[in-house]
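Student: Could we go through this structure together, a bit at a time?
Tutor: Yes, let us look at the structure first and then take your questions in turn.
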Amino acid sequence: MSEQATQSQAGAETPMVEMRGVNKWYGDFHVLRDIDLTVKRGERIVICGPSGSGKSTLIRCINHLEEHQQGEIVVGGVPLTQDVKRIEQIRRSVGMVFQHFNLFPHLTVLENCCLSPMWVQKRPRREAEAQAMQYLERVQIAEQALKYPGQLSGGQQQRVAIARSLCMHPEVMLFDEPTSALDPEMIKEVLDVMVELAREGMTMLCVTHEMGFAKTVADRVIFMDQGQIIEENAPEPFFNAPQSERTQLFLSQILGH
Amino acid sequence: MTIRDKMIEERPAPGLSIGPLAWLRANLFSGPVNTVFTLLGFYLLYVLLTPTIQWAFINADWIGTSRDDCSREGACWVFVNARLTQFIYGLYPRDELWRVNIVFASFAVLIAWLAIPRLPFKRWVAVVTLLVFPVVAYVLLYGGYFGLRLVETHRWGGLMLTLILAVVGMVAALPIGILLALGRRSEMPIVKSFCVVFIEFWRGVPLITILFMASVMLPLFLPTGVSVDRLVRALIGITLFQSAYMAEVIRGGLQAIPRGQEEAAAALGMGYWQRMGLIVLPQALKMMIPGIVNTFISLFKDTTLVMIIGLFDLLGIVQAALSDSRWLGFALEGYVFAAFMFWIFCFSMSRYSQYLERKLHTGHKR
């Protein structure tokens, strides 16, 4: 407990995520170009941009689902290296929610949420289950705990996925287009959970096209195109007075209708 | 413009669209041509089945001790009856058969326990089956300990030998196959090339060749004085051969699991073996049940090949009995019996796999 306290004390000054001069290539294709980004603790950041602009790749580099070839990434004061132990240590403090939920279909909702606390954090089953129920209640899906993911709607599955991440007590949450695969009437239930999470002070990086969400919760909005950060600003100036032509064009396209 | 102001109530399906009569009409007598084929089919069944049933059951002789007890109109099951002990136990000493029976019975109980979903303590029974039972079975069958008479493996035979070869082969080939399949997908070049070479070597060589090499060539490479039991050599050969096939079946299953599954597990901080053991393999193995059982069934039947290196499995011992001068001319009965025994085991495996597939599928369907 005391170790945790000192960690979070030190964390008050160190940024949650720091990327310096990050570059990445897929073969010859230069997906991320000189990315510099600092995310303070408690900050909510929305990343948007056209498809193929590298926004998903960027957040996937933070928990090393993608490997960057140049530059430096520091998560919670821990530099990301090739070392497997260190990568796993960072992943334990970084939660991630995927576009296609990626729940484990052979396990119940409750087991989905308990698996990692039990196996990775070695917590006893009863404690892990109690905690999972608590988080499932928070995303208002506790009554489905014994069902399998395949029996739930997309919106419900995504809420379970959020609860599953929260069970690991992450210090930062990455959202990779969490509502893009959902039917329109289910988007709101997921966004509500995310807004709630933001209100509680969770550090968040969200790749999303939900501009309403960006306006409500984001501290900063980042616009990416062709692997680079084009514009970065607080939501109000970003939406009302975008500086770059690309940003203006992009915003007019997605807000136009 | 239309507006519905009253919702439509649910109605039952019309009269002759469900039930056995409707099934008959839809599947067997749906038109003149199909009716002719159906009747023709029934006639063919009648022509083929009547003599078979007459030969095998109605005109058959069941009880007796020698060939004179057979009236020779139908099958002479007396032959099988008289030789049954040998067909099941091989040349195992007659007064030690209880040892084999105990092994058979306890194995049947353990397997039934694992197969019937209602029974508790599955994990412990599995541990006993995999760790304790093999030792007990070895001590009981081979002897040499606790005052049990030593029974050399060349006296083992018949169904007992077939089951030993098949069960040991299956139990050993599955985990080796899983490791090979994972290794083949590994990003570590040495592990990967080793697995690829291993799999391609064993898959490229016929099982008969492997058995020949194990029985004829292996002793040439071993230093004098060191000898490995012939049965053990056959077991190693069969296991390695089948594990290569198993590896390819499982690799197919691994490829069918979306990458997102492993990514989600990784994002939750799980290490490689946790990702594989908790997330990827359970799903892949479930998907691969038909393929795995198919490999098991072919392994079960392939055990008959040990005949060529002088081990008498069920088929081998039936064939040996055919050349007994007192029982000449009962080849058909012998082969039908052997085929029936193999069929029973293979068919049960197939049925159980279908049941397992259905059971594991519930609730996961989208």
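Tutor: What follows covers a sheet in chain A, the contact between the chains, and some salt bridges.

Tutor: Before you begin, this is a predicted model, in which local features need pLDDT of at least 70 and side-chain atom pairs count only at pLDDT 80 or more, while totals for chains, interfaces and linings use all residues. Residues are numbered from 1 along each chain as its sequence is written, chains are lettered from A and ligands numbered from 1 in the order in which they are written, and side-chain values use heavy atoms, with hydrogens and water left out.

Student: OK, what order do the strands of the open sheet in chain A have?

Tutor: The order is 2-1-4-5, with antiparallel pairing in this open sheet of 4 strands; strands are DSSP runs of E of at least two residues, and helices are runs of H or I of at least four, both numbered from the N terminus. Two strands pair if DSSP finds at least two bridges between them.

Student: And which are the edge strands?

Tutor: They are strand 2 (29-39) and strand 5 (78-79) of chain A, each of which pairs on one side only.

Student: How many bridges join strand 1 and strand 4 of chain A?

Tutor: Those two strands pair in the antiparallel sense over 5 bridges, and A:Met19 stands opposite A:Ile73 in strand 4 of chain A. Strand 4 (residues 70-75) of chain A also pairs with strand 5 of chain A, over 2 bridges, where A:Val74 stands opposite A:Pro79.

Student: Which residue takes a positive phi in the hairpin of strand 4 and strand 5 of chain A?

Tutor: A:Gly76 does, with a phi near 60°, and the hairpin has 2 residues between the strands.

Student: New topic: how many residues does each chain give to the contact?

Tutor: Chain B gives 24 residues and chain A gives 26, where contact means heavy atoms within 4.5 Å.

Student: Any salt bridges there, and which residues form them?

Tutor: The rule finds 1 salt bridge across the interface of chain B and chain A, and A:Arg60 forms a salt bridge with B:Glu263, the closest N and O atoms being 2.6 Å apart. The rule asks for a side-chain nitrogen of Lys or Arg within 4 Å of a carboxyl oxygen of Asp or Glu.

Student: What does the salt bridge of A:Arg44 and A:Asp219 tie together?

Tutor: A:Arg44 and A:Asp219 have their closest N and O atoms 3.7 Å apart. A:Arg44 lies in strand 3 (residues 44-48) of chain A and A:Asp219 in the loop between helix 8 (211-217) and strand 9 (220-225) of chain A, so the pair ties together parts that are 175 residues apart in sequence.
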